[in-house]
Amino acid sequence: MSRDGSTRTVVTPQSVAEVRATRPEELTRCLRGDLDTIVMKAMRPEPEQRYASAEEFSTDIERHLSGLPIKARKPTLLYRGGKFVRRHTESLATAVLILAVTAGLGLWAGRRSWKQKNATEPPPSALHIRIRPSVAIWGFKNLSSRPDT
């Protein structure tokens with residue numbers, strides 16, 4: 001119990017992970033990265049390398065919570081691209097699916113057209129033979145009883 005008579009809650013990685021419905025190992029990974037960079041910038045010994053104001057510090061935390069790139073980290077293409085992909089995963093997946101279907105349909109149509117073109121044109125070495133239609137003929141029976149017909 002504390003001095004005022006209330007009970008104290010002990011915060012452990014396990015209790016925080018339970019509240020966030022995750023495992024402690026995943027919690028550690030979530031806290032690494034941008035939050036780590038923000039805290040380390042705020043605690044730098046050189047004043048010129050720290051945040052200039054509490055507003056800048058707050059803005060970086062808000063940017064982290066929104067999934068935007070933070071100002072404390074170098075804006076490399078890989079970092080900014082990773083943040084963009086995480087923010088727009090569903091849209092990018094939909095775009096990739098549409099591109100895959102479009103490419104598949106284009107290949108299918110192209111192959112179909114190629115097959116039709118090659119099916120109508122005989123190969124250059126083939127002989128041109130004219131085929132005459134034929135009719136099946138059955139034996140005749142003389143129904144007139146005249147030998148000359």
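**Entry 1: helix α4.** I began with helix α4, residues 54-66, and compared its length with expectation. At 1.5 Å a residue, its 13 residues should span 18 Å, and I found the end C-alpha atoms 18 Å apart, so the two agree. I note for the record that this is a predicted model. Just after α4 I looked at G67, which has a positive phi, near 85°.

**Entry 2: overall make-up.** I counted the secondary structure and got 6 helices and 0 strands. Written along the sequence, the pattern is α-α-α-α-α-α. I then looked up burial: of the 149 residues in the protein, 10% are buried. For the exposed surface I have about 13700 Å², with 61% of it supplied by carbon and sulfur atoms. Among contacts with a separation of 6 or more, I find that 21% join residues 24 or more positions apart.

**Entry 3: the largest pocket.** I next turned to pockets. The largest has a volume of about 310 Å³. Its lining holds 13 residues, and those closest to the centre are R32, D34, H64, K83 and R86. Which helix gives the largest share of this lining? I find that helix α5, residues 77-87, does, with 6 residues. Sorted by type, the lining of the largest pocket has 6 charged, 4 polar and 3 nonpolar residues.

**Entry 4: H64.** I picked H64 from the residues closest to the pocket centre. H64 belongs to helix α4, the helix whose span I checked at the start. Is H64 buried or exposed? Its relative accessible area is 18%, and the cut-off for buried is under 20%, so H64 counts as buried. I then listed what H64 touches, leaving aside its neighbours within four places in sequence. The contacts are D34, L35, I38, I70 and K83. Of these contacts of H64, I had already noted D34 and K83 among the residues closest to the centre of the largest pocket.

How values were computed: Residues numbered from 1 in each chain as written. Predicted model: local features only at pLDDT ≥ 70, side-chain atom pairs only at ≥ 80, totals over all residues. Heavy atoms only, no water. Helix = DSSP H or I, 4+ residues; strand = E, 2+ residues; numbered from the N terminus. Expected span 1.5 Å × (residues − 1). Buried < 20%, exposed > 50% of the residue type's maximum accessible area, 1.4 Å probe, protein only. Contact = heavy atoms within 4.5 Å. Areas by Shrake-Rupley, 256 points an atom, 1.4 Å probe, with all protein chains shown as cover. 1 Å grid on protein atoms, 1.4 Å probe; cavity = no way out; pocket = protein on both sides within 12 Å on 5 of 7 lines; lining within 4 Å. Points joined across faces, edges and corners; volume = space filled by probe spheres on them. Nonpolar A, V, L, I, M, F, W, Y, C, P; charged D, E, K, R; others polar.
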